[in-house]
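Here is a short report on one protein model. It covers an annotated site, the nonpolar cores, a helix residue and the cysteines.

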Amino acid sequence: MSPIKQQVIKDSKLFINGEFKDSVSGETFDTIDPSTNQKLASVAKANEQDAANAIEIAKQTFDSGSWSEMPVADRSNILCKMADLVMERVDELALIETLDVGKPIKESRGFDIPRAAANLRFFAEMANYLHHEHYDHSKYMSYSKYSPAGVTSLIIPWNLPFMQMTWKAAAAMAAGNTVVVKPASYTPLSAVMLGEIANEAGLPPGVLNIITGPGNTVGTRMTNHPYVRRISFVGDSTTGRTVMQNAASQLTPVSLELGGKSANIVFEDADLEEAVAGSIEAIFRNQGEICLAGSRLFVQESIYDLFLEEFIEAVKKIKVGDPLSEDTDMGALVSKAHLESVDQYVQIGLSEGAKLAIGGKRVAGFEQGNFYEPTVLYDVNNKSTVAQEEIFGPVLAVIPFHTEEEAIRLANDSIYGLAGVVWTNDLRRAHRVASQINSGLIWINCWYYRDLRTPFGGSKASGVGREGGRHSFEFYTEAKTITLKL
C-alpha cells in the first residue's frame, strides 16, 4: 500500500452504542480500491444478529429520552459540532472517499465532504425553527405536535456515501430519532468515520449506529424489524421494491430514492456553449454514477449536428485517470463488475443500431483499475435498451427531436421520473416544458444545484416520497393533533 493510503486507511469495525466492535461472527470482508482493484482495508461483516443488536440499542436509547427528549437547541448544537468536525477533517475524509469510491479527489474535497457538513448544519439549524399549527374555533382549540418517530433505518448507496449518509442521518437525528445506518459494501470506510466524529462531538451513545455487511442479510433485518419505525433507502429500483415489501410486514413508512434515466433537452434557441458544458457535467460527473445524470440527451434537429460536433470536442478534453491527481476529471468506476456491466450496455446499444461518436472502451494505460472512457452514442432510438435502462456510468444516449411536443413525449416515455434538464432562452417554453415532464426535479439552464429546503425525490420507478427541508421532518416525525375544550 502506498504511503498516502497508509496514512488514512485502516481496518473498519461496526459502530454500535458509541463503540467500535467486531461483528458477532468475527467475519470480515475486503473493500477494494477501484483504481487498482487492490485491497484497501478489512471491514467487519455484520449479520442479522448484529443488525438486531444495533436496532435494539437504538430502541433503548430512543426510549431513554437522552436524545429524543433533549431540548432541540441542545441537539442542534451537537449536530453543528459534528459539521465543524467534518470540515476540520475534510482532507482526510475526501481522501478516504476518493480511495474507496474511485472519484476524483477535487470532487470529494470540493463538493462531497463540504456538502456533508452543510447537511448536518442545515437540518440542525432548521430544527430550531419548525412551527406547529394552532387553530381556534368556537369553544375548542386544536394544535399539532410533531414527535420523533423512533428507530430509523438508513440504507446508503455507494456512489456518494458520506454525503448521502449525512443527508439522511442529519434530518432523522435533528428530529429526535435514533438511527441505524448501513453503508454500501463497496464503499463503507467514510461512513464509519462519522462514528468517530459523533463521539468527539458528544452525541449520546446509541443515537447513531453504523453496521457494515451484505444487504440480503443486514438490509433485510433493517427493513422488517418491528422496532424500526422509519426506513429511508437510496439505491436501484429493484432493491427498492424489496425494501417496500419488507417494510409492509410491519407497516413501516418508507422513503425510497431510486433509479433514473433523466431527459436532458436542448432546444434550438439555447445558449450552445452553456448547454454543452452543462450537458457534459450532467452525464460525466462522478463517472456518470449519479442517479440524477442526464443520460438521455435530446437535441432539436435543427442544431443536432452542430451541437454533437461541439459536444464531442468537449468530451475529448475530459481527463480520465488517477483519482488522486488534482487535474483528473473522471476517475474509476466502483468495481470490476460494474465496469463490465457498463461495457456490455455499450455493446448492446451498438447492436441495436446506435452509432458510436467517442469512447466505448476501457482507458488505455489504466488496465489495472476500472477506468472507462466517456462514451457518446448518437442517433439512438428512445425505445432501445440504452435509452430505457439505467446504465449508471459514463454513457450518453443522444436522441434527435423536431418539436417541443415530441421532446416532452420522448422525455416522458420512460419508467423513471427522477429529474430532467431544459436548455432554452425562451422563458415561456422553459416553464411550459418543465411543468409537463413527469419527474420530481427539473433544472432550467443548469444542473445539479440543490437547495436543501426544497423537496427531493422522484415519481414512477424513481421513488416514493420526498425529503428535504420540512419534507424530511414530516417523514421522520409522527404528527399528532390535540384538541382542547376551552
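## The annotated glutamate

Glu 257 lies in strand β11, which spans residues 254-257. The model is a predicted one. An unreviewed UniProt entry places the feature "active site" at Glu 257. Is Glu 257 buried or exposed? Glu 257 has a relative accessible area of 5%. That is under the 20% cut-off, so Glu 257 counts as buried.

The surroundings of Glu 257 come from several parts of the sequence. Setting aside residues up to four places away in sequence, Glu 257 touches Gln 164, Trp 167 and Lys 168. Phe 233, Val 234 and Gly 235 are also among its contacts. Phe 456, Ser 462 and Glu 467 complete the list. With Trp 167 there is a polar contact, side chain to side chain, at 3.3 Å.

## Nonpolar cores

Nonpolar side chains tend to be buried together in soluble globular proteins. Here, the largest nonpolar core has 108 residues. Met 82, Met 173, Leu 208, Leu 292 and Phe 311 have the most contacts inside it. Which helix gives the most to this core? Helix α6, residues 161-174, does so with ten residues.

Leu 208 shows the packing in detail. Leaving out residues up to four places away in sequence, Leu 208 touches Phe 15, Met 165, Met 173 and Val 179. Leu 208 also touches Val 181, Leu 194, Ala 198 and Leu 203.

A second core is separate and has 27 residues. Leu 333, Leu 339, Tyr 372 and Val 395 are included in this second core.

## A buried threonine

Thr 98 sits in helix α4, residues 90-101. Its relative accessibility is 1%, so Thr 98 counts as buried. Beyond residues up to four places away in sequence, Thr 98 touches Lys 103, Pro 104, Ile 105 and Ser 108. Pro 323 and Leu 324 are further contacts of Thr 98.

## Cysteines

How many disulfides does the structure hold? The count is zero. Cys 291 is in no disulfide, and the nearest cysteine sulfur, that of Cys 446, is 16 Å away. Cys 446 is likewise in no disulfide. A disulfide needs the sulfur atoms within 2.5 Å, so a separation of 16 Å does not qualify.

Accessibility values for residues discussed above are as follows.

| Residue | Relative accessible area | Class |
|---|---|---|
| Thr 98 | 1% | buried |
| Glu 257 | 5% | buried |
| Cys 291 | 14% | buried |
| Cys 446 | 32% | partly exposed |

Definitions and conventions. Residues numbered from 1 in each chain as written. Predicted model: local features only at pLDDT ≥ 70, side-chain atom pairs only at ≥ 80, totals over all residues. Heavy atoms only, no water. Core = buried A, V, L, I, M, F, W, Y, C linked by side-chain atoms within 4.5 Å. Buried < 20%, exposed > 50% of the residue type's maximum accessible area, 1.4 Å probe, protein only. Helix = DSSP H or I, 4+ residues; strand = E, 2+ residues; numbered from the N terminus. Contact = heavy atoms within 4.5 Å. UniProt positions renumbered as here; feature names shortened; annotations may be inferred. Polar contact = N/O pair within 3.5 Å; in protein donor to acceptor, adjacent residues only side chain to side chain.
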